[in-house]
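Reader: Hello! I would enjoy a close look at one part of this structure, followed by a walk through some other spots that caught your eye.

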Amino acid sequence: MISNEDVLQHIFGDAGVRLCLTDEERKPELERTREDLPELEAVIESGPEFEDYLSEARGPEMPRGEDLAVIAYTSGTTGRSKGAMLLHRNLMANAQAVCEAWHWTGEDTLFLALPLFHTHGLMVGAHGTFLTGSGAELHRKFDAAAAYDALLDGRVTMFFGVPTMYTRLLREARARDERPRPIRLYVSGSAPLSPQAFDEFEGLFGERILERYGMTETIMNLTNPYEGERRPGTVGRPFPGQEARVVDVETREPLADGEIGEIEVRGPNVFPGYWNRPDATEESFDGEGWFATGDLGSVGEDGYFTISGRAKELIISGGFNVYPREIEEFLYTHPDVADVQVIGVPDERYGEQ
């Protein structure tokens with residue numbers, strides 16, 4: 001089993017981290033591995049020590065669009081985590097596209113309990129707030145009762161969450177008599193939202209959740225429409241200024257509508273490559289700027305995309321392609337199933353089952 005110290009050592013060593021800001025709770029964890037991090041010059045603890053550091057620090061130069069802004073580590077489904085290099089122009093292009101698509105303005109107030117070390121919380125929630133000059137109610141962790149109270153009070157206009165948060169909100173709603181009035185926008189992402197949860201939420205909260213699709217390397221890619229049909233089980237169309245297509249996993253040729261293949265995306269939001277991993281970068285891009293997401297899916301005649309699962313999670317049983325998500329969504333319909341995951345296992349007769 002990989003420990004937190006192993007993860008820290010890998011990321012800090014790979015990125016060549018020289019300065020770390022931490023807190024009292026996490027500092028001992030870092031100190032235990034510090035002797036294996038020769039490039040780490042300083043560890044600053046939040047609080048007075050951080051205030052002193054800021055007072056003595058020289059102000060930063062204004063970054064350019066091509067400057068590296070973030071190295072975000074992501075493992076996908078296998079192997080050591082890779083550092084996705086996001087430039088300042090990637091962050092700006094993404095924030096602008098999100099705010100345009102979701103009609104985000106300075107009049108909004110966002111309920112934000114997503115972790116800010118994650119793309120969804122930082123590069124969507126926080127950056128959109130900064131760009132629009134809107135308000136945000138930050139929570140260190142998600143508490144369904146506190147979130148429900150905020151919705152009842154009418155003090156927020158937007159709520160960003162993952163499917164687990166929505167299932168907990170549904171549980172909270174079932175336990176209460178009072179229902180919140182519809183707010184301007186509920187957004188779900190980072191994992192598939194079951195159609196059952198989508199429908200139950202609409203019934204109890206009077207609002208259709210907007211489901212979208214993104215990843216660390218590209219931030220946001222696809223979104224159900226703000227104005228128009230928010231279709232359960234789909235992730236909509238590309239954000240403004242972006243492109244998406246479905247290609248054959250082997251030939252890399254574009255597929256016809258309705259056929260399942262690997263989703264590729266292209267646009268100003270897409271990162272330039274992986275830190276210190278030219279091999280992984282080359283494998284992920286074609287010669288025309290299309291990035292292979294590793295996600296399987298299809299697109300309908302109306303342009304709505306549907307995610308079927310990860311390419312590496314595809315189960316081939318007796319020559320048939322089996323998509324775990326399709327089975328999972330069927331099992332979700334049983335009232336006694338709270339959560340489910342379908343995986344492939346070796347089988348002598350069928351290859352996998």
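Which side chain is joined to that of D339 by a polar contact?

Author: Happy to take you there, with the reminder that this is a predicted model. The partner is Y332: a polar contact of 2.6 Å joins its side chain to that of D339. D339 sits in the loop that runs between α10 (324-332) and β19 (346-347). With a relative accessibility of 58%, D339 counts as exposed, because the cut-off for that class is over 50%. Another residue to look at from here is E328: the C-alpha atoms of D339 and E328 are 8.7 Å apart in space, while 11 residues separate the two in sequence.

From that exposed loop residue, let us turn to the aromatic side chains. A pair of aromatic rings is described by the distance of the centres and the angle of the planes. The count comes to 17 aromatic pairs in this model. One of them is formed by F159 and Y186, a tilted pair with 6.0 Å from centre to centre and 55 degrees between the planes. F159 belongs to strand β7 (residues 158-161) and Y186 to strand β8 (residues 185-188), so this pair ties together parts that lie 27 residues apart in sequence. Both rings belong to buried residues: the relative accessible area is 1% for F159 and 0% for Y186.

Y186 has a further partner in Y166, and this pair is edge-to-face, with centres 6.4 Å apart and planes at 70 degrees. Here the link is between a helix and a strand, as Y166 lies in helix α7 (residues 163-174) and Y186 in strand β8, 20 residues apart. Y166 is buried as well, at a relative accessible area of 1%. If you would like to select the whole group in your viewer, F111, F142, Y148, F159, Y166, Y186, F201 and F205 form one aromatic cluster.

Two threonines make a good next stop. T129 lies in helix α5 (residues 119-132) and is buried, with 9% relative accessible area. Leaving out neighbours within four places in sequence, T129 is in contact with W104, L110, S134, G135 and A136. T216, by contrast, is found in a loop, the one between β9 (210-215) and β10 (219-223). At 19% relative accessibility T216 still counts as buried, because that class takes in values under 20%. With residues up to four places away in sequence set aside, T216 touches A72, T74, A84, L86 and T119.

Next, the backbone. Most residues other than glycine have a negative phi. H103 has a positive one, near 55 degrees. H103 sits in the loop between α4 (88-101) and β5 (109-112) and is partly exposed, at 35% relative accessible area. R252 also has a positive phi, of about 65 degrees, although it is not a glycine. The place of R252 is the loop between β12 (243-247) and β13 (261-266), and R252 is partly exposed, at 28%.

Finally, a pocket for your grid-minded side. The second largest pocket holds about 190 Å³ of space. Its lining consists of 13 residues, and V249, L296, L314, N321 and Y323 are the closest to its centre. By class, the lining of this pocket has 9 nonpolar, 2 polar and 2 charged residues.

Methods
Residues numbered from 1 in each chain as written. Predicted model: local features only at pLDDT ≥ 70, side-chain atom pairs only at ≥ 80, totals over all residues. Heavy atoms only, no water. 1 Å grid on protein atoms, 1.4 Å probe; cavity = no way out; pocket = protein on both sides within 12 Å on 5 of 7 lines; lining within 4 Å. Points joined across faces, edges and corners; volume = space filled by probe spheres on them. Nonpolar A, V, L, I, M, F, W, Y, C, P; charged D, E, K, R; others polar. Helix = DSSP H or I, 4+ residues; strand = E, 2+ residues; numbered from the N terminus. Buried < 20%, exposed > 50% of the residue type's maximum accessible area, 1.4 Å probe, protein only. Contact = heavy atoms within 4.5 Å. Polar contact = N/O pair within 3.5 Å; in protein donor to acceptor, adjacent residues only side chain to side chain. Phe/Tyr/Trp six-rings, centres within 6.5 Å; stacked < 30°, edge-to-face > 60°.
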